[in-house]
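Hi everyone, thanks for coming. I'd like to walk you through a structure that's new to most of you, so let's get it up on the screen.

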Amino acid sequence: VKAFDAEYLKVTGVHPIIYTPVSWWNYCTGKSSAFSKTNVFWLPEYNGSSTSGPKLLIPGTTTWTFWQNGSQSNPSLDIDYFKGTITQLKQYATHTFSVGAHVQPGWDSTLGQPIGPEVAVTAYGQTGYYQSFAKGQGLIASPNGLGGWTVYHASGAIYQSWTPEAWGWPTGAMTSRTAQGINGYTQTFSEGAAGSSMAFATPNYGATWVDGSVLAKYNAQGGPDWGWPTSSINKQTAFGVSGASLAV
């Protein structure tokens with residue numbers, strides 16, 4: 001899927017729409033959310049309703065865009081729905097999305113053109129917005145408490161693996177850092193009202209996420225200067241005791 005997506009983007013300048021049942025996607029990709037902010041999904045699910053939408057969504061997505069609700073045999077036709085206006089449908093067909101009103105103050109033309117609409121999400125009691133751009137990167141906007149919006153740019157790897165429901169909203173800008181001879185990026189996020197998380201992006205390991213007490217101990221050891229994370233934090237419960245580990 002990654003190879004096809006990359007080749008399609010290279011040839012056409014846009015990401016393809018992916019048609020897949022959620023059950024197939026979860027089984028064959030391990031519930032991957034890697035395409036949730038760059039690609040639109042077309043979901044087949046015959047649940048007998050023309051208004052409810054599919055009950056299952058691709059991991060990392062918060063709503064559906066195209067839905068195959070059913071089919072008929074004579075003539076042979078699929079029954080499909082688009083969640084949006086005719087103007088938005090034309091935008092998907094012609095790849096002419098405009099920059100969202102909330103992310104526009106921080107828009108950087110080097111990100112390329114928008115490849116999807118601005119999306120509103122409520123997570124941890126706060127409603128924010130994000131929008132994806134052609135170079136696999138995105139802008140994330142959240143209320144700053146001053147009557148305005150704080151806009152952060154996230155790298156491709158961090159942005160594509162980020163979900164506000166899991167990691168919260170950005171609390172700092174993406175920072176370039178060289179440690180252990182490796183060039184990478186770090187960015188902080190708010191994991192709820194009292195928690196915090198940090199994302200790391202390196203060429204060899206993509207995006208990894210660390211939070212909680214493990215993040216505090218990792219930073220106390222020197223963070224990336226001690227070693228870049230090679231995987232995201234692993235939380236487990238054994239013998240009634242909850243713990244977490246991190247490989248660097």
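I'll talk about the aromatic rings, then a sheet, and then a couple of single residues.

One thing up front: what you're looking at is a predicted model.

Okay, aromatics. How many aromatic pairs does a search of the whole structure find? It comes up with 20. Take Y92 and F97 as one example: their ring centres sit 4.8 Å apart, with 85 degrees between the planes, and that makes the pair edge-to-face. Is F97 buried or exposed? F97 is buried, because its relative accessible area is 7% and the cut-off for buried is under 20%. Y92, at 21%, counts as partly exposed. These two also belong to a bigger group, if you like: W42, F66 and F82 join Y92 and F97 in one aromatic cluster.

Here's another pair, Y130 with W162. The centres are 5.5 Å apart and the planes stand at 90 degrees, so this one is edge-to-face. What I like here is that the pair links distant parts of the chain. Y130 belongs to strand 6, residues 126-132, while W162 is in the loop between helix 4 (156-161) and helix 5 (164-167), and the two are 32 residues apart. Both Y130 and W162 are buried. And Y130 has something else on its ring: K37 lies over the face, 5.8 Å from the ring centre.

Now, strand 6 takes us to the sheet. It's an open sheet of four strands in the order 5-6-7-8, and the pairing is antiparallel. Which strands stand at the edges? Those are strand 5 and strand 8 (149-154); each has a single partner strand, so one side of each is left without a neighbour in the sheet. From one strand to the next, the twist averages 25 degrees. If you zoom in on strand 7, residues 138-143, you'll see that it pairs with strand 8 over six bridges, in the antiparallel sense. One spot to click on: P143 has W149, in strand 8, as its bridge partner.

Last bit, two single residues. N69 is in strand 3, residues 66-73. N69 is buried, with a relative accessible area of 12%. Leaving out residues up to four places away in sequence, N69 touches several others, including E45, Y46, I79 and Y81.

S109 is in the loop between helix 3 (86-94) and strand 5 (119-123). Buried or exposed, then, for S109? Exposed, at 58%. From S109 to F133 you go 24 residues along the sequence, and 9.6 Å in space, C-alpha to C-alpha.

That's my tour, thanks!

Terms used. Residues are numbered from 1 along each chain as its sequence is written. This is a predicted model: local features need pLDDT of at least 70, side-chain atom pairs count only at pLDDT 80 or more; totals for chains, interfaces and linings use all residues. Side-chain values use heavy atoms; hydrogens and water are left out. Rings of Phe, Tyr and Trp (its six-membered ring) pair if their centres lie within 6.5 Å; planes under 30 degrees apart count as stacked, over 60 as edge-to-face and the rest as tilted. Buried means under 20% relative accessible area, exposed over 50%, partly exposed in between (1.4 Å probe, protein chains only). A charge sits over a ring if NZ of Lys or CZ of Arg is within 6 Å of the ring centre and within 35 degrees of the ring normal. Contact means heavy atoms within 4.5 Å. Two strands pair if DSSP finds at least two bridges between them. Axes are lines fitted to C-alpha atoms, for helices over the stretch in contact, and angles run from 0 to 180 degrees between N-to-C directions.
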